[in-house]
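Biologist: I'm new to this structure and would love a guided close look at just one part of it. Could you pick a spot, show me what lies around it, and then point out some charged pairs?

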Amino acid sequence: MSAETESETGAGAGVGAPGAEVSGAKWSGAGVPDSPAARLQALFEGQRLTPTQRRIAHSMVRRAADVPFLSSVELAELAGVSQPSVTRFAVALGFDGYPALRKHLREVAPAEQPAGSASYNEYQQAVEAEIENLRHLAELLADPRPVRRAGRLLAASRPLPVLGLRAAASQAYGFAYFAAKVHPDVRLLNEGGTMIHDRIDAAVRAGASALLCFALPRHPREVVDTLAYAREAGLSVVTVADSAFAPVAKVSDLLLPAAVGTGLAFDTACAPMLLGRVLLEAMCDDLPDAQARLEEFDARAAARGLFVE
């Protein structure tokens, strides 16, 4: 069963893949290993795609090894779109039709279909899909410059607002929980409503220079509006999203993609969670007193008997 977070229909568009536009620079280049997903993403870069076409592209990147062997009908079913939409997508990329696109894909993707996947049950397939998402994230992290840049921005922001609504609320909470152990002032924004702009204004008045957002499908309109407001208020927006083409991309200064799994009734977000921990590490690298704060916490926790030994 393939459905979106919170069982809402209508997947968000986007591609969590190398080559994402990141504030004028791309998360790609030297040091990024070649892969079927990376080569597919190169095909989509610079294209002005409709939301339906971005959805097809997203599905293709997620199943990069399988796509060269799919018919247009099978690809349409995979992406949840119509078969004519797949044909129009191929034409938009500059091909005569889907057969020409598939021929090209067979030249840039592996020559044979992966073996063994057919024997997996639906739960194993979900796990395998998440493993592939993590491999994809590892490829992106071969170029650490975007994450290091994000770490510097987050470390320098005092206070540091961390935003995550609906499906992304738990990701924001997890990041804020750990970040508060090393950062002097972390402000969690995980509930929407009319006061969220007030809280951003308060953070800016207190000296905030950046905001970290976790954005997962389906993407609430309020998140897009809030990020636009944060940028207008002068904050640099760093976003962890499921896709480089997610709706929040246009209101982010630095977008770091990490794909979600969609094989179960509810989306799974192992890669975004891990990317959040990587960002924490990068932020700690730019907080000179991070280690001292952690040691102080450990000493106090021991004195309070906070944890079971």
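Modeller: Happy to! One definition helps before we begin: two strands are said to pair if DSSP finds at least two bridges between them. Please also keep in mind that this is a predicted model.

Let's begin at strand β3, which covers residues 160-163. Leu160 and Val162 point one way from β3, while Pro161 and Leu163 point the other way. In a regular strand, side chains alternate between the two faces of the sheet. Whichever way they point, all four of these β3 residues are buried.

Now look at the partners of β3. The strand runs parallel to β4, and 4 bridges join the two. Within this pairing, Leu160 stands opposite Val186 of β4. To get from β3 to β4 the chain passes through α8, making a β-α-β crossover that is right-handed. β3 also runs parallel to β5, this time with 2 bridges between them. Here Val162 has Leu212 of β5 as its bridge partner.

The helix in that crossover, α8, spans residues 169-179. Its buried residues include Ala169, Gln171, Gly174 and Phe175. What do the buried residues of α8 pack against? They pack against the strands β3, β4 (186-189) and β5 (210-215), and also against the helices α7 (145-156) and α11 (270-285).

That brings us to the charged pairs. Side chains of opposite charge can pair when their charged atoms come close. The model has 6 salt bridges by the rule used here, and three of them are worth a visit.

Arg145 forms one with Asp143, and the closest N and O atoms are 2.8 Å apart. Arg145 is exposed, at 52% relative accessible area, whereas Asp143 is buried, at 3%.

A second salt bridge links Arg135 and Glu132, with 3.5 Å between the closest N and O atoms. Both sit in helix α6 (residues 122-140), and because they are 3 residues apart there, about one helical turn separates them. Arg135 is partly exposed at 49%, and Glu132 is partly exposed at 36%.

The third joins the side chains of Glu296 and Arg300, at 2.8 Å from N to O. These two are 4 residues apart in helix α12 (residues 290-304), so they are separated by about one helical turn. Glu296 counts as partly exposed at 39% relative accessibility, while Arg300, at 53%, counts as exposed.

Notes:
Residues numbered from 1 in each chain as written. Predicted model: local features only at pLDDT ≥ 70, side-chain atom pairs only at ≥ 80, totals over all residues. Heavy atoms only, no water. Buried < 20%, exposed > 50% of the residue type's maximum accessible area, 1.4 Å probe, protein only. Contact = heavy atoms within 4.5 Å. Right-handed = clockwise from strand over helix to strand, strands pointing away. Salt bridge = Lys/Arg side-chain N within 4 Å of Asp/Glu carboxyl O.
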